[in-house]
Amino acid sequence: MSVPEASGLTAGSSGFLRCSVDELRTLFLFEKLSDAQLQWLCERGHVKLIEPGPVYAEGSPATCFYVLLEGTVVMSRRVGADDIEVGRTSTRGVYTGAFMAYLGDRVPQVYNNSVRVTEPSRFFVLDAPVFAEMMLDWFPTAVHLLEGLFFGNKNAQAAIGQRERLLALGSLSAGLTHELNNPAAAAVRATAALRERVAGMRHKLGMIAGGKWDRTTLETLITLQEEAAERVPKAIALSPLEASDREDAISDWLEDRGCSEGWMLAPTFVAAGLDVDWLDHVEAAVDPSTLEAALRWLNYTVDTELLMNEIEDSTTRISTLVGAAKQYSQLDRAPYQVVDVHELLDSTLLMLSGKIPPGITVVKEYDRSLPQIPAYAAELNQVWTNLIDNAISAMNGAGTLTVRTGKVREDEVFVEFGDTGPGVPPDIKDRIFEPFFTTKPVGEGTGLGLDISWRIVVKKHHGDLSLESSPGDTRFRVRLPVTWQDTEES
């Protein structure tokens, strides 16, 4: 078992003790070494007794390589402002500290964990340069193999992470294309219809200009036209049954006054929020001989307003989607910046809206008092995407997705994704963050979404990603610090 270390602190140590070749020989790490090699280790290393307390701290320069001879060590990792215990052992020969010193400056030479002892404990200690010299001189083939394994794994993880992002982007692009196509097609249809209405209005205007309408009648018509246009934006959405009843009433009103094909005018008047009372107002304002012409002119007016509103709504929807795509991808922003988590969440939900089935209700429970946080925004959006996608899959087309935000404490915020699916079985709960572990059928999941999310949250943002699950209530909680982090783990 290996234990990464962090700072070189030796608080509570009582100085160096005698190194014994015979004792080193009993450790599994050194059992195959020759007497000369063991003697070399004793001459260049030393034994140190450390009283209960810290051995070294995470993030400090990795100056020493430690091998446990006797005692108990506890390993911890920093998550936000907390130190979380990740291991505890009394096994002789376990090592920790600068065990990657032989890689030199190609990797950050800092302790990745914190280590403390709970009882007086003895360690065999080598300075990092001495440990690196030993590895390079005694085990050159092994060093090359380890180098290949280490950097190969890093490159593979980077490639896999990039592929996972591209797969997610491909899926989102397909959804975005669909979402953009709907308002774009609506705008095209409305524009074509508007062109017809404007042509019809020009024709009607010519008829009015050539008719025997006096100035007072024209002024009245213009006033009615403005009144109708003002009522269009205030129209209340009606249920299909309510709209049908109003259309019937208006059709009957028009038919009673001799208007031909009044049923064709009724839907436009209803959509504009105009009713029989308004038609009575028009009838009272114009001469009976010009009533039908006035109503048809007003129908053209409100229809034109409705089409312009449709075009405005469609183009606004397109603009909103493009803005969400930019916010989601963060293409025009610095990688590391201060962000509002709610903006990131909203852009991700909008990008994923095409993938959310009609049977799933999305509930937002945002704490708008949260401060902005420093983050890799595009990568957090990837985390949101993975967690929302998992929740959607778990609910199998029906349920509630709840997105919550809030404060853990003053220096930490949380983002939580809850679903009402069947929950995560207890026997796999501890494995869900493992690379390549998935419960989805072959070909439907890579098993990397949660692993990548964990790496982004914990390693890049020094936060925490945890799970609480029971049937009908599964919650993934992301905790993030609100202060800048000076280092990014590899």
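Helices here are DSSP runs of H or I, at least four residues long, and they are numbered from the N terminus. With that in hand, start the tour at helix H7.

**Stop 1: helix H7 and what follows**

The model on screen is predicted. Select residues 262-271, which make up helix H7. The buried residues of H7 are Gly-262, Leu-265, Ala-266, Thr-268, Phe-269 and Val-270. Now step just past the end of H7 to Gly-273, where phi is positive, at about 80°.

Keep H7 selected and add helix H6, residues 240-256. The axes of H6 and H7 are 8 Å apart, and the helices pack at an angle of about 135°. H6 and H7 are therefore oblique to each other, as angles over 145 degrees would be needed for roughly antiparallel. The crossing of H6 and H7 is right-handed.

To see the contact itself, show side chains. From H6, take Ala-243, Arg-246, Glu-247, Ile-250, Ser-251 and Leu-254. In H7 they meet Gly-262, Trp-263, Leu-265, Ala-266, Pro-267, Phe-269 and Val-270. Among these H7 residues, Gly-262, Leu-265, Ala-266, Phe-269 and Val-270 also belong to the buried set of the helix.

**Stop 2: helices H5 and H8**

Next select residues 215-231 (H5) and residues 276-285 (H8). Their axes come within 10 Å and cross at roughly 165°. That angle makes H5 roughly antiparallel to H8. The crossing of H5 and H8 is right-handed.

On the H5 side, the residues to show are Thr-220, Leu-224, Glu-227, Ala-228 and Arg-231. They meet Trp-278, His-281, Val-282 and Ala-285 of H8.

While H5 is on screen, pick Gln-225, which is in this helix. Is Gln-225 buried or exposed? Gln-225 counts as buried, because its relative accessibility is 15% and the cut-off for buried is under 20%. Beyond its neighbours within four places in sequence, Gln-225 is in contact with Met-201, Trp-297, Leu-298 and Thr-301.

**Stop 3: helices H10 and H11**

Move on to H10 (residues 341-352) and H11 (residues 377-395). They pack at an angle of about 50°, and their axes are 10 Å apart. H10 is therefore oblique to H11. H10 passes H11 in a right-handed crossing. From H10, the contact uses Leu-344, Leu-345, Ser-347, Thr-348, Leu-349 and Leu-352. From H11, the contact uses Ala-377, Leu-380, Asn-381, Trp-384, Thr-385 and Ile-388.

**Stop 4: aromatic pairs**

A pair of aromatic rings is described by the distance of the centres and the angle of the planes. How many aromatic pairs are there? The count is nine.

Select Phe-30 and Phe-124, an edge-to-face pair with centres 5.9 Å apart and 85° between the planes. This pair links distant parts of the chain, 94 residues apart. Phe-30 sits in the loop between helix H1 (21-25) and helix H2 (35-44), and Phe-124 is in strand S10, residues 121-127. Phe-30 and Phe-124 are buried.

Now select Tyr-56 and Tyr-66, whose ring centres are 5.8 Å apart with planes at 35°, so the pair is tilted. Tyr-56 belongs to strand S4 (residues 53-56) and Tyr-66 to strand S5 (residues 64-70), and the two are ten residues apart. Tyr-56 is buried, at a relative accessible area of 2%, and Tyr-66 counts as buried at 1%. Add Tyr-111 and Phe-123 to the selection: ring pairs join these two with Tyr-56 and Tyr-66 into a cluster.

**Stop 5: Ser-76**

Select residues 73-79, strand S6, and find Ser-76 within it. Ser-76 is buried, with a relative accessible area of 13%. Which residues does Ser-76 touch, not counting those up to four places away in sequence? They are Glu-58, Asp-83, Ile-84, Glu-85, Val-86, Asn-113 and Ser-114.

**Stop 6: charges over rings**

Go to Tyr-376, where Lys-460 lies over the face of the ring, at 4.2 Å from its centre. Then go to Phe-414, where Arg-477 lies over the face at 3.8 Å from the ring centre.

**Last view: the whole chain**

Show the chain as a cartoon. It has twelve helices and 17 strands. Of its 490 residues, 45% count as buried. Among contacts with a separation of 6 or more, 78% are between residues 24 or more positions apart.

Technical notes:
Residues numbered from 1 in each chain as written. Predicted model: local features only at pLDDT ≥ 70, side-chain atom pairs only at ≥ 80, totals over all residues. Heavy atoms only, no water. Buried < 20%, exposed > 50% of the residue type's maximum accessible area, 1.4 Å probe, protein only. Contact = heavy atoms within 4.5 Å. Phe/Tyr/Trp six-rings, centres within 6.5 Å; stacked < 30°, edge-to-face > 60°. Lys NZ or Arg CZ within 6 Å of the ring centre and 35° of its normal. Axes fitted to C-alpha atoms, helices over the stretch in contact; angles between N-to-C directions. Parallel < 35°, antiparallel > 145°, perpendicular 65-115°, else oblique. Left-handed = near helix turned anticlockwise from the far one by under 90°.
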